[in-house]
Amino acid sequence: MIYLKTDDEIELLRAANLLVSRVLAEIAKVIKPGITTKALDTLAEEYIRDNGAIPTFKGFPNPYGAAFPCSICTSVNDIVVHGIPNDKPLQEGDIVSVDCGVKLNGYCGDSCYTFSVGEVSQEAKHLLQTTKEALYKGIAQALPGYRIGDIGNAVQSHVEGNGYGVLRELVGHGIGKEMHEEPQVPNYGKPRTGEMLKNGMCIAIEPMTTQYSRQISLLPDRWSIATKDGGLGTHFEHTIAIHHGKADILSSFHEIEIIERSNQ
C-alpha cells in the first residue's frame, strides 16, 4: 500500500532528510586520503544521535539474516552499495559512496553522495557527473500524473547513453515512517508504465551505476555489492515529495558541493 503524506508529514520528512544532508556535509569536511571509513561512521553516528535522531541503518536486517553493523554504508571504488565501514585508510584517487539514513521524530531521512578522495581520474569524474545528472533527470519526471517508469527511463537513458551500466537488482523506494515503503522506484523502465505518481507520494530516487558491465556480485560479508568486472560503482540519492504539483527535494547536496568546491 502507498501512503500519501500530508503537508505536516512532509515537513517532518524534510527535517529528517536535512539532518541526513548535514551528516553528509560533516563527512565532506573530513574525507581525504588516510582517513578510514570506520572513522567516518563514528563521526556520523555521533552527529545523528547528538541531533536527537537514530541511525536507521544500524541493525537493519538483510534477506540473509545479517544485521548491518554500522550507521552509514561506505562503498569504495568497485563496491556499488552497502559497503561496511572498516579500518582501511582511503587512498588518493578513491571514490566512496556514503549512504546515510536516520529517523527523527518518527520519520525517516535517506540520502547518498559519492565523494572523490583527493584527485580522481577523468573517467571517475565523468561517471560521477553522469550519475548525479541522471538523479536530477529522474527527479524531473516525478510529477503528478507521470508514472514510475518515467523516472526509471530518464535515469537509464542518461546513464546508458553515456556508456555506463545501471543496476536492476536494487531500486529506490517509498519512504515515510518506515525507511522502505511502497512503491519501488527502479532506475530503468519504459515511459508511461508503472504506478501513477500523485501529490503526497514521498520517494527516494537513487541511481546506482557501474563503469562497465552492470553485472554485480554479493561479497562474503553478505552486504557489500560489487561490480563483477572490477569497474567503479557510484550511487547518488535524494528523497523527494511530490507536493503541490512538483518534485520537492527534501534532502540537499548544497553544503556538500560548497565544501567540494572549496577543496579544489
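**Helices α1 and α5**

Select residues 7-30 and 254-263 of this predicted model. These are helices α1 and α5, which pack at an angle of about 10 degrees. An angle under 35 degrees counts as roughly parallel, and α1 and α5 are therefore roughly parallel to each other. Their axes lie 8 Å apart. To display the contact itself, show the side chains of L24, A25, A28 and K29 on α1, together with E255, I256, I259 and N263 on α5. Coloured by class, this contact comprises five nonpolar, one polar and two charged residues.

**Helix α3 and K132**

Next, select residues 122-139, helix α3. The helix has 18 residues and spans 26 Å from its first C-alpha to its last, close to the 26 Å expected at 1.5 Å a residue. Its buried residues are A124, L127, L128, T130, T131, K132, A134, L135, G138 and I139.

Centre the view on K132, which is found in this helix. Is K132 buried or exposed? The relative accessible area of K132 is 19%; since buried means under 20%, K132 counts as buried. Beyond its neighbours within four places in sequence, K132 is in contact with Y113, F236 and E257.

**The hairpin of β4 and β5**

Y113 leads to the next selection, residues 107-116, which form strand β5. Nine of the ten residues of β5 are buried, so the strand is largely enclosed by the rest of the structure. Add strand β4, residues 95-104: the two strands pair in the antiparallel sense over ten bridges. One pairing to highlight is that of C100 with its bridge partner S111 in β5. At the turn of the hairpin, where two residues lie between the strands, select N105, which takes a positive phi near 55 degrees.

**I72 in strand β2**

C100 also appears around the next residue, I72, which is found in strand β2 (residues 72-76). I72 is buried, with a relative accessible area of 0%. Setting aside neighbours within four places in sequence, the contacts of I72 are I27, L40, D41, A44, F57, G83, P85, V98, D99 and C100. For a sense of scale, draw a distance from I72 to Q211: these residues are 139 apart in sequence and 23 Å apart in space, C-alpha to C-alpha.

**Strand β9 and its partners**

Move to residues 202-205, strand β9, and inspect both of its faces. On one side are C202 and A204, on the other I203 and I205, and all are buried. Strand β7 (residues 172-174) is joined to β9 by two bridges and runs antiparallel; here H173 stands opposite A204. Strand β14 (residues 238-243) also pairs with β9 in the antiparallel sense, over four bridges. For that pairing, select I205 and its bridge partner in β14, H238.

**E237**

In the loop between β13 and β14, select E237. At 0% relative accessibility, E237 counts as buried. What surrounds this residue? Apart from neighbours within four places in sequence, E237 is in contact with D99, D110, S111, C112, L135, H173, A204, I205, E206, S251 and F253. A distance drawn to S262 gives 22 Å, C-alpha to C-alpha, across a separation of 25 residues in sequence.

**The sheet β6-β10-β13**

Now select the three strands of the open sheet, ordered β6-β10-β13 and paired in the antiparallel sense. β6 (165-166) and β13 (233-235) stand at the edges with a single partner strand each, so one side of each is left without a neighbour in the sheet. Strand β10 (residues 208-210) pairs with β13 over three bridges. Within this pair, highlight T210 and its bridge partner in β13, G233.

**Helix α4**

The final stop is residues 148-161, helix α4. This helix has 14 residues and reaches 20 Å from its first C-alpha to its last, close to the 20 Å expected at 1.5 Å a residue. Helix α4 is mostly covered, with ten of its 14 residues buried. To see them, select I148, G149, D150, I151, G152, A154, V155, Q156, H158 and V159. Then display what covers them, which includes α3, β6, β8 (181-185), β9 and β10. Just after α4, G163 takes a positive phi of about 90 degrees.

Technical notes
Residues are numbered from 1 along each chain as its sequence is written. This is a predicted model: local features need pLDDT of at least 70, side-chain atom pairs count only at pLDDT 80 or more; totals for chains, interfaces and linings use all residues. Side-chain values use heavy atoms; hydrogens and water are left out. Axes are lines fitted to C-alpha atoms, for helices over the stretch in contact, and angles run from 0 to 180 degrees between N-to-C directions. Angles under 35 degrees count as roughly parallel, over 145 as roughly antiparallel, 65 to 115 as roughly perpendicular and the rest as oblique. Contact means heavy atoms within 4.5 Å. Ala, Val, Leu, Ile, Met, Phe, Trp, Tyr, Cys and Pro count as nonpolar, Asp, Glu, Lys and Arg as charged, and the others, Gly among them, as polar. Two strands pair if DSSP finds at least two bridges between them. The expected span of a helix is 1.5 Å times one less than its number of residues. Buried means under 20% relative accessible area, exposed over 50%, partly exposed in between (1.4 Å probe, protein chains only).
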